[in-house]
Amino acid sequence: MMSPLVSVIIPVYNVEEYLDKCLNTVIHQNYKNLEIILVDDGSTDNSGDKVDEWAKRDNRIVPLHQNNQGLSAARNMGLDNSHGSWIVFIDSDDYVSENYISTMLQTAQKDNSDLVICQYNEVSNVEIVSSPLSKPGRYTQKEFWQLFYGPNSGSALVVAWDKLYSSRIFKDLRYKVGILNEDQQILYSVVKRVKSISIIAEALYFYRVERNGSIMANLKKIDHIREEFYDILLERSQMFVNDGFRQQAVQSVQSLLAQLTSELAINPSKENWQVFWRVFNRVKSVLVGSSIADFDNKKLRVYITFPRLICWLKILRVYIKL
């Protein structure tokens with residue numbers, strides 16, 4: 001069987017300290033038929049120069065440069081210039097095992113899956129820690145969402161970079177530009193385009209946590225509820241409703257409300273209360289205007305009927321722990 005071309009898309013922005021480590025692990029993959037697309041997103045350090053230097057060392061590397069537009073735009077440029085039958089995203093401050101691509105590709109071919117997800121390790125300056133394990137197996141769309149909203153979900157299911165995608169998924173799909181949590185926003189559309197999903201037990205990706213200047217590090221410093229994040233989750237709930245996935249719609253709304261009230265409990269400021277009620281009222285609109293208006297989930301019914309009580313109980317619990 002002929003080895004298919006795999007397009008490795010790596011957005012690059014101000015990561016001169018980490019880029020060499022990342023690219024060394026990519027060019028030394030034991031799977032060789034790669035197209036390595038480096039998208040310099042208007043870096044202000046030496047990252048752009050490093051991109052061009054690496055392209056001279058390995059003819060599989062395609063160097064691209066654009067004005068700073070953000071992660072989504074960089075991934076989209078990579079997709080627009082990719083030719084592989086399979087797509088992989090890697091963040092340029094992370095790195096991967098030498099069998100990262102070969103293991104996931106073998107799984108895709110064995111299981112006839114359109115999407116393969118591996119586990120990952122979190123890397124800090126002092127240690128490497130395994131991420132929470134997402135249960136290995138082969139899943140249909142509905143089974144994936146059951147796992148996603150179950151107790152053993154894990155971040156591995158959401159993020160873009162621990163996955164091997166059939167390029168067919170991105171034929172008519174691109175990341176939304178100008179938003180945060182772009183992985184959450186696109187996830188429903190990705191899953192909708194697959195026939196089956198494989199999750200493997202091996203941790204093949206090494207994710208660098210708490211890097212100064214990284215998007216995730218900056219997000220963790222925000223102490224107000226980000227309404228735009230809940231807009232993304234509400235959009236997914238509405239998509240479940242539109243596609244007739246009643247159980248998944250209930251699960252997504254319940255998960256959203258649990259997270260929303262937990263955030264409010266941590267910082268019950270006037271601004272956060274206002275965001276809470278705006279999101280809560282939109283949740284009710286999704287439920288009332290859908291086929292799940294007469295939902296039979298007791299926990300969700302309590303959330304909808306006594307929202308203020310639930311919030312104050314969670315606030316009290318936080319203060320007791322303090």
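Let's start with a pair of neighbours: lysine 163 and aspartate 162 meet through their side chains in a salt bridge, 2.9 Å from N to O. Both lysine 163 and aspartate 162 are buried. Please keep in mind that this is a predicted model, and every distance I quote comes from its coordinates.

Side chains of opposite charge can pair when their charged atoms come close. How many salt bridges does the count come to here? It comes to 15. I'd like to show you two more of them.

The first is aspartate 91 with arginine 75, where the closest N and O atoms are 3.6 Å apart. Aspartate 91 sits in the loop between β4 (86-89) and β5 (95-96), while arginine 75 belongs to helix α3 (residues 71-80), so this pair ties together parts that are 16 residues apart in sequence. Buried or exposed, for aspartate 91 and arginine 75? Both are buried.

Next, aspartate 80 and arginine 174 form a salt bridge at 2.9 Å, N to O. Aspartate 80 is in helix α3 and arginine 174 is in the loop between β9 (163-166) and α6 (182-192), so here the pair links parts 94 residues apart in sequence. The surroundings are less closed off for these two: aspartate 80 is exposed, with a relative accessible area of 54%, and arginine 174 counts as partly exposed at 32% relative accessibility.

One more thing about the charges before I move on. Through shared partners, salt bridges join Arg75, Asp91, Glu182 and Asp183 into one network.

Two members of that network, Glu182 and Asp183, bring us to α6, where both are among the buried residues. Why call α6 largely enclosed by the rest of the structure? Because 10 of its 11 residues are buried. The buried set runs through Gln184, Gln185, Ile186, Leu187, Tyr188, Ser189, Val190 and Val191 as well. And what covers them? The cover includes helices α3, α5 (141-148) and α8 (227-242), together with strands β6, β9 and β10 (197-208). So α3, the helix that holds arginine 75, is also part of the cover over the buried residues of α6.

Now the cysteines. How many disulfides does the count come to? Zero. Cysteine 22 is in none, and the nearest cysteine sulfur, in cysteine 118, is 14 Å away. Looking from the other end, the closest cysteine sulfur to that of cysteine 118 is the one in cysteine 22, and 14 Å is too far for a bond; the cut-off for a disulfide is 2.5 Å. Cysteine 22 is buried at 0% relative accessibility, and cysteine 118 is buried with a relative accessible area of 0% too.

On to the backbone, for those of you who like to check torsions. Most residues other than glycine have a negative phi. Which residues go the other way? Asparagine 14 is one of them, with a positive phi of about 50° although it is not a glycine. You'll find asparagine 14 in the loop between β1 (6-12) and α1 (19-27), where it is partly exposed, with a relative accessible area of 23%. Asparagine 112 is another non-glycine with a positive phi, about 55°. Asparagine 112 lies in the loop between α4 (100-111) and β6 (115-123) and is exposed, at 62% relative accessible area.

Let's step back to the whole chain. The protein has 12 helices and 10 strands. Along its principal axes, the C-alpha trace spans about 60 × 40 × 35 Å. A compact globule with 322 residues would have a radius of gyration near 20 Å, and the 21 Å found here agrees with that. Buried residues make up 54% of the 322. Among contacts with a separation of 6 or more, 79% come from residues 24 or more positions apart. The accessible surface comes to about 15600 Å², and 50% of it belongs to carbon and sulfur atoms.

Last stop, the interior. The largest nonpolar core has 100 residues, and those touching the most other members are Val6, Ile10, Ile90, Tyr100, Phe144, Tyr165 and Phe170. Which residues is valine 6 in contact with, leaving aside its neighbours within four places in sequence? They are Tyr31, Asn33, Leu34, Glu35, Trp86, Val88, Ile101, Leu105 and Leu164.

That's my tour, thanks for listening!

Conventions. Residues are numbered from 1 along each chain as its sequence is written. This is a predicted model: local features need pLDDT of at least 70, side-chain atom pairs count only at pLDDT 80 or more; totals for chains, interfaces and linings use all residues. Side-chain values use heavy atoms; hydrogens and water are left out. A salt bridge is a side-chain nitrogen of Lys or Arg within 4 Å of a carboxyl oxygen of Asp or Glu. Helices (H or I, at least four residues) and strands (E, at least two) are DSSP runs, numbered from the N terminus. Buried means under 20% relative accessible area, exposed over 50%, partly exposed in between (1.4 Å probe, protein chains only). The radius of gyration is taken over C-alpha atoms; the globule rule is 2.2 Å times the number of residues to the power 0.38. Contact means heavy atoms within 4.5 Å. Accessible areas come from the Shrake-Rupley method with a 1.4 Å probe; for residues, only the protein chains shown count as cover. A nonpolar core is a set of buried Ala, Val, Leu, Ile, Met, Phe, Trp, Tyr and Cys residues joined through side-chain atoms within 4.5 Å.
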